[in-house]
Amino acid sequence: MSELSILMRLKGLLFDYFASNQKVNDFYKFVDLFLKIVQKEFDLNQIHVWKRVSGDLYILQNTTGPQINRSSTIIRFERKSLVMMPAENKAYLFNERDSECPAVIELQGIDRLLGHSDRWYEQLSQICFTVMDYGWNQYIQYSQKHRFKNLFSVTEKLHSSMDKEEVLYNLHEIFSSTFPDLSYNFLLSHDYNLHKSIPVKDLEQELNTNEEAMIAFLSGKVQRKYANEKNYAYFPISGMQGVYGIIQMVSEDHFLLNDSDYMFIELASKAGGKALENAKLYEQSKRLINDLQLINDTSQKINKDLRISDTMEYMISQMIQSFSADEAAFIYLNDEGDVSLLPGSTPFFEDRASKMYIQFVLKRIVNEREGLFIGNLMNYVKKCKFQSLMAVPMIESENVKGFAIVLRKESYAFTFDMYKLMQSLIYHSTLAFINSMLREELENLVITDQLTKLYSRKYLDESIQTSMKRDSRGVFILVDIDNFKRINDSYGHQVGDEVICQVARIIKTNIREGDIGARWGGEELAVYLPKADFDAGLLVANRLVSSVKKQTNPNATISCGVSYWDVQKEDTAKQLFKRADAALYLAKNNGKNRVYTEADLSQSS
């Protein structure tokens with residue numbers, strides 16, 4: 001396997017891991033699982049991740065080996081992508097993009113990693129540290145979301161409360177729930193009557209013995225120091241008028257506070273925390289404003305356009321534009337589990353080549369009831385034209401009604417933000433889709449005969465009236481099932497209805513799209529062929545007579561009367577019907593199971 005193939009395979013495995021770990025609420029667990037993927041892929045003995053404490057001193061952060069007490073080590077090497085130590089059967093990966101080297105990855109049992117190019121080792125290092133950066137950023141996003149949600153609630157209490165002890169208790173509550181692994185103290189004067197559960201130290205005593213606490217109190221700025229293998233931070237509890245105390249945070253080497261942690265604690269410590277929180281929420285919302293606007297505009301649009309075709313075409317165009325998709329479609333799933341392509345979908349989904357994508361998504365969504373976000377479909381399907389795929393189910397009343405799907409030829413072409421936007425679009429649009437479909441189903445009920453599923457007599461009449469105003473010609477065929485009373489008497493009315501339905505299905509399969517098959521009344525059916533000439537109409541009628549005789553069970557036959565019109569002579573729909581009815585009467589009287597036309601009327605008279 002080539003060097004590029006090895007790395008591409010690793011990327012594919014890691015991407016699958018990303019797809020199933022979109023919410024990282026435990027960074028250490030995320031890294032442990034990531035390391036196990038790398039260990040298994042390269043058949044390594046163990047992998048350690050060392051976190052930099054200071055200088056060349058690193059402490060063990062993660063390991064695929066036995067869980068041991070966290071130890072420390074000194075790492076002094078030329079900091080390039082990879083330092084090989086064949087004699088010790090291990091190697092160290094460094095992040096060249098970060099001169100501070102906050103973390104180093106140690107690989108043990110490197111037999112399968114020997115012999116590659118320097119460029120390959122550099123790319124391996126980049127992949128590994130990119131994964132760790134991804135997990136860390138996802139963890140920060142996750143933790144910030146929950147932390148700032150709590151902060152908002154607490155700062156509301158801070159501003160609504162007129163009791164200073166309650167304010168401090170609320171601060172204690174958020175710190176204890178947000179940082180359960182940290183120890184902290186409130187440095188306060190004796191002016192507060194606090195519950196014993198709140199850790200308090202005397203402010204005056206600390207100011208006299210602790211330089212960082214004194215500077216934080218006087219300047220109103222956060223101070224930090226490292227002593228006795230512990231990290232200390234001092235956050236002023238400041239208001240508009242001054243500083244009223246200090247929060248002392250203490251963390252062990254293996255649990256270093258990051259910049260986000262410092263910002264969170266500082267915000268919570270200030271009397272103006274609510275204002276800073278609102279500013280934070282504004283910054284976050286600013287990144288989402290375009291997506292929210294799109295969702296809002298889309299929701300308004302699809303709730304105005306009740307026609308399903310208009311709704312689908314608009315949504316397809318929005319998804320192609322927003323995601324730069326090559327292909328997009330909406331697939332509808334009926335109660336029997338059959339799928340159908342909704343109007344507006346791109347032409348690709350009408351081809352047979354699209355079936356494998358539809359079936360792949362359908363199986364996953366029906367089983368898992370969750371969307372799909374796949375950057376390299378080659379990991380699932382051997383040969384595929386499109387490698388990037390996103391699909392989101394349409395769920396209504398806990399039932400999967402279908403799904404939306406977008407495709408791109410390039411691998412990893414869609415971002416996770418695009419996937420979340422697509423989820424929001426479909427979530428906000430599903431109800432409108434269902435309403436549009438229900439409305440059109442209701443319309444179809446009005447114009448459809450319930451027994452045969454052909455059009456109603458009223459719809460046929462209106463369609464012929466329209467055609468005679470718009471087209472240059474047309475053919476009308478009146479169909480009657482021969483000896484229908486005998487069928488009812490011999491087999492019963494239920495079988496008689498089934499024979500009518502069989503003839504209706506034969507009519508549907510023998511006419512073009514745009515032709516109209518209808519139930520005329522009782523055992524009489526009708527066909528109208530707009531823009532057709534007389535010869536084409538006669539051909540259809542004879543084909544119907546032949547097909548019914550061969551395909552019905554119990555065996556039945558039909559007789560047909562054919563009439564036609566063109567713009568060369570004045571005519572009406574009523575006269576058209578009358579001529580076809582007379583031709584049908586002639587067919588019945590001349591042996592049945594045959595076709596007569598209006599041309600035969602003059603010969604018989």
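**Exercise 1.** Leaving aside neighbours within four places in sequence, which residues is Met319 in contact with? Place Met319 in its nonpolar core, and say where the largest share of that core comes from.

*Solution.* The model is a predicted one.
Step 1. List the contacts of Met319 beyond four places in sequence: Ser324, Ala325, Ala328, Phe330, Ala404, Val406, Met422 and Ile426.
Step 2. Turn to the core. The largest nonpolar core has 60 residues. Met319 is among those with the most contacts inside it, together with Phe34, Phe323 and Phe330.
Step 3. Assign the largest share. Helix H3, residues 118-160, supplies 10 residues of this core, the largest share.
Step 4. Look beyond this core. Another core, of 28 residues, lies apart from it and includes Ile477, Ala504, Ala532 and Val545.
Step 5. Set this against the general tendency. In soluble globular proteins, nonpolar side chains tend to be buried together.

**Exercise 2.** Is Met132 buried or exposed? Describe its surroundings.

*Solution.*
Step 1. Locate the residue: Met132 is found in helix H3.
Step 2. Apply the cut-off. Met132 has a relative accessible area of 6%, and is therefore buried, the limit being under 20%.
Step 3. Name the residues touched. Not counting residues up to four places away in sequence, Met132 touches Phe27, Phe34, Val49, Gln61 and Ile105.
Step 4. Compare sequence with space. Met132 and Ala103 are 29 residues apart in sequence, and their C-alpha atoms are 9.7 Å apart.

**Exercise 3.** Classify Arg408 and Gln248 by accessibility, and describe the contacts of each.

*Solution.*
Step 1. Place both residues. Arg408 is found in strand E16, residues 399-408, and Gln248 in strand E11, residues 243-252.
Step 2. Classify Arg408. Its relative accessibility is 17%, so Arg408 counts as buried.
Step 3. Classify Gln248. Its relative accessibility is 4%, so Gln248 counts as buried.
Step 4. Read the contacts of Arg408. Leaving aside neighbours within four places in sequence, these include Phe323, Ser324, Ala325, Asp326 and Phe386.
Step 5. Do likewise for Gln248. Not counting residues up to four places away in sequence, Gln248 touches, among others, Ser183, Tyr184, Lys201, Glu206 and Tyr234. With Tyr234 there is also a polar contact between the two side chains, at 3.2 Å.

**Exercise 4.** How many disulfides does the structure hold? Classify Cys128 and Cys501 by accessibility.

*Solution.*
Step 1. Recall the bond: a disulfide is a covalent bond between the sulfur atoms of two cysteines.
Step 2. State the count: the structure holds zero disulfides.
Step 3. Classify the two cysteines. Cys128 counts as buried because its relative accessibility is 2%. Cys501 counts as buried because its relative accessibility is 11%.

**Exercise 5.** What is the strand order of the open sheet of five strands? Describe its edges, one of its pairings and the helix that lies across it.

*Solution.*
Step 1. Write the order: E18-E19-E17-E20-E21, with mixed pairing.
Step 2. Find the edges. Strand E18 (516-521) and strand E21 (595-597) each pair on one side only.
Step 3. Give the turn. Neighbouring strands of this sheet are turned by 20° against each other on average, direction ignored.
Step 4. Examine one pairing. Strand E17 (residues 473-481) pairs with strand E20 (residues 558-566) in the antiparallel sense, over nine bridges. Val479 has Cys560 in E20 as its bridge partner.
Step 5. Add the helix. Helix H14, residues 493-509, lies across E17, E18, E19 and E20. It runs at about 10° to strand E19 (524-530).

Technical notes:
Residues numbered from 1 in each chain as written. Predicted model: local features only at pLDDT ≥ 70, side-chain atom pairs only at ≥ 80, totals over all residues. Heavy atoms only, no water. Core = buried A, V, L, I, M, F, W, Y, C linked by side-chain atoms within 4.5 Å. Buried < 20%, exposed > 50% of the residue type's maximum accessible area, 1.4 Å probe, protein only. Helix = DSSP H or I, 4+ residues; strand = E, 2+ residues; numbered from the N terminus. Contact = heavy atoms within 4.5 Å. Disulfide = S-S within 2.5 Å. Polar contact = N/O pair within 3.5 Å; in protein donor to acceptor, adjacent residues only side chain to side chain. Pairing = 2+ DSSP bridges. Axes fitted to C-alpha atoms, helices over the stretch in contact; angles between N-to-C directions.
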